[in-house]
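Here is a brief report on one protein model. Look over the sequence and the coordinates first.

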Amino acid sequence: HLSLLGWPEGDPRRARARETLRKRNPNDLEDGDGSNWFDGLEGHERRFVPYNGGLGETQLKWLRDELQSAKRAGERVIVFSHAIMHPLACDGTTMMWDYEETLLEVHQSGCVVAVLCGHD
């Protein structure tokens, strides 16, 4: 997964997540209290804060492979996700960093009949 959470300092996966945040959020994200994390961010860009994350390349590939397999087998799929993957389902502050890529896979699969997410 693409996130600061769950990876120790020095782990390259944590470093990739930190770099993603630095590119998308100019605020001090290491301040600990989150008081300025959203300053200057608007709309869907508000998702780029430390408590969020995304699927990342490995999990996105896994999702694609599973959906393709289900499609070939004629199965219908319900996707469950902790983080929200659609911008109309939240205010943008609890949404996946890579929701666009994730939704593309869901839509292109042709076999997903529902998506249930947490947060908000």
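Is N25 buried or exposed? This is a predicted model. N25 has a relative accessibility of 3%, so it counts as buried; the cut-off for that class is under 20%. The residue sits in the loop that links helix 1 (12–24) and strand 2 (53–54). Its side chain makes two polar contacts with backbone atoms, as tabulated here.

| Side chain | Backbone partner | Distance |
|---|---|---|
| N25 | nitrogen of N27 | 2.9 Å |
| N25 | oxygen of W37 | 2.9 Å |

Beyond four places in sequence, N25 contacts W37, L41, F48 and V49.

Next, the nonpolar cores. The largest one holds 17 residues. V77, M85 and M96 have the most contacts inside it. Helix 2 (56–72), strand 3 and helix 3 each give two or more residues to this core. Helix 2 gives the most, with four residues. M96 touches R47, G53, L55, S81, A83, I84, M85 and T102, with residues up to four places away in sequence left out. A second, separate core has nine residues, including L4, L29, W37 and V49. Two of these, W37 and V49, are also in contact with N25.

Now strand 3, residues 77–81. V77, V79 and S81 form its covered face. I78 and F80 form the uncovered one. Strand 3 pairs in the parallel sense with strand 4 (residues 112–117), over five bridges. In strand 4, A114 stands opposite I78. What unit do strand 3, helix 3 and strand 4 make? Together with helix 3 (residues 99–109), the two strands make a right-handed β-α-β unit.

Note on methods
Residues are numbered from 1 along each chain as its sequence is written. This is a predicted model: local features need pLDDT of at least 70, side-chain atom pairs count only at pLDDT 80 or more; totals for chains, interfaces and linings use all residues. Side-chain values use heavy atoms; hydrogens and water are left out. Buried means under 20% relative accessible area, exposed over 50%, partly exposed in between (1.4 Å probe, protein chains only). Two strands pair if DSSP finds at least two bridges between them. A crossover is right-handed if, with the strands pointing away from the viewer, the path from the first strand over the helix to the second runs clockwise. A polar contact is a pair of N or O atoms within 3.5 Å; within protein, one must be able to donate a hydrogen and the other to accept it, and residues adjacent in sequence count only if both atoms are side-chain atoms. Contact means heavy atoms within 4.5 Å. A nonpolar core is a set of buried Ala, Val, Leu, Ile, Met, Phe, Trp, Tyr and Cys residues joined through side-chain atoms within 4.5 Å.
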